[in-house]
Amino acid sequence: MQAEEARARLKADWAAFFEEFDVLIAPCSTVAAFPLDEARPREERVLRVNGRDRDYNDQLFWAGLATLPSLPATSVPIGLNGQGLPLGVQVIAGAWEDRTALAAAAIEALRPATWPPGFA
């Protein structure tokens, strides 16, 4: 019950935010695209971030930004990093504003997706 109460407060805070802003643009992940490591259980995987190994599950933070308060989000490719790996952002909208998130995802047209060699 305490967790649900905390979630209700979080939803109220987001509702207040979206009274002033149409969408929030946030990272999808802490890193660019990375090779899938299925050789180990997810709990044992690591990713290299700024030269340091980080828990693979740290990536879930960004997904939780929208999913914990039940907000619609759309992932949008925005280009490649210096190593040629895809980068993306998520467009998050207010509760029940799925169409707003999808409409705002049109930002992709400003910089159409480019795929690295061998990926398609």
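Biologist: Which residues line the second largest pocket?

Modeller: Going along the chain, you get Lys11, Trp14, Ala15, Phe18, Pro69, Ser70, Leu71, Gly94, Ala95, Trp96 and Asp98. Keep in mind that this is a predicted model.

Biologist: Sure. How much space lies in there?

Modeller: About 150 Å³ for the second largest pocket.

Biologist: And where does the largest share of its lining come from?

Modeller: From H1, which gives 4 residues. By class, the lining of that second pocket splits into 7 nonpolar, 2 polar and 2 charged residues.

Biologist: OK, now the largest pocket. What volume does that have?

Modeller: The largest pocket comes out at about 320 Å³. Its lining counts 17 residues, and the ones nearest its centre are Cys28, Ser29, Val31, Ala32 and Phe34.

Biologist: How many of the lining residues are nonpolar, polar or charged there?

Modeller: For the largest pocket it's 12 nonpolar, 4 polar and 1 charged.

Biologist: Which strands each supply at least two residues of that lining?

Modeller: Strand S4, residues 73-80, and strand S5, residues 86-93. S5 gives the largest share, with 4 residues.

Biologist: Let's stay on S5. Is it mostly covered or mostly open?

Modeller: Mostly covered: 6 of the 8 residues in S5 are buried.

Biologist: What does S5 pair with?

Modeller: Strand S1, residues 23-27, is joined to S5 by 5 bridges, running antiparallel. Pro27, for instance, has Val89 as its bridge partner in S5. S4 also pairs with S5 in the antiparallel sense, over 7 bridges, and there Pro77 is partnered by Gly88.

Biologist: How many residues sit between S4 and S5?

Modeller: The two strands form a hairpin with 5 residues between them, and Gly84 in the turn has a positive phi of about 80 degrees.

Biologist: Switching topic: what's in the largest nonpolar core?

Modeller: That core has 7 residues, namely Trp14, Phe18, Ala26, Trp62, Ala66, Leu71 and Ile92. At least two of them come from helix H1 (2-20), and at least two from helix H2 (60-67). Trp14, Phe18 and Leu71 are core members that also line the second largest pocket.

Biologist: Why would nonpolar side chains be buried together?

Modeller: That's a general tendency in soluble globular proteins.

Biologist: Last one. What does Trp62 touch, leaving out residues up to four places away in sequence?

Modeller: Trp62 touches Ala26, Pro27, Cys28, Ser29, Thr30 and Gln90. Among those, Ala26 is a fellow core member, while Cys28 and Ser29 are among the residues nearest the centre of the largest pocket.

Note on methods: Residues numbered from 1 in each chain as written. Predicted model: local features only at pLDDT ≥ 70, side-chain atom pairs only at ≥ 80, totals over all residues. Heavy atoms only, no water. Core = buried A, V, L, I, M, F, W, Y, C linked by side-chain atoms within 4.5 Å. Buried < 20%, exposed > 50% of the residue type's maximum accessible area, 1.4 Å probe, protein only. Contact = heavy atoms within 4.5 Å. 1 Å grid on protein atoms, 1.4 Å probe; cavity = no way out; pocket = protein on both sides within 12 Å on 5 of 7 lines; lining within 4 Å. Points joined across faces, edges and corners; volume = space filled by probe spheres on them. Nonpolar A, V, L, I, M, F, W, Y, C, P; charged D, E, K, R; others polar. Pairing = 2+ DSSP bridges.
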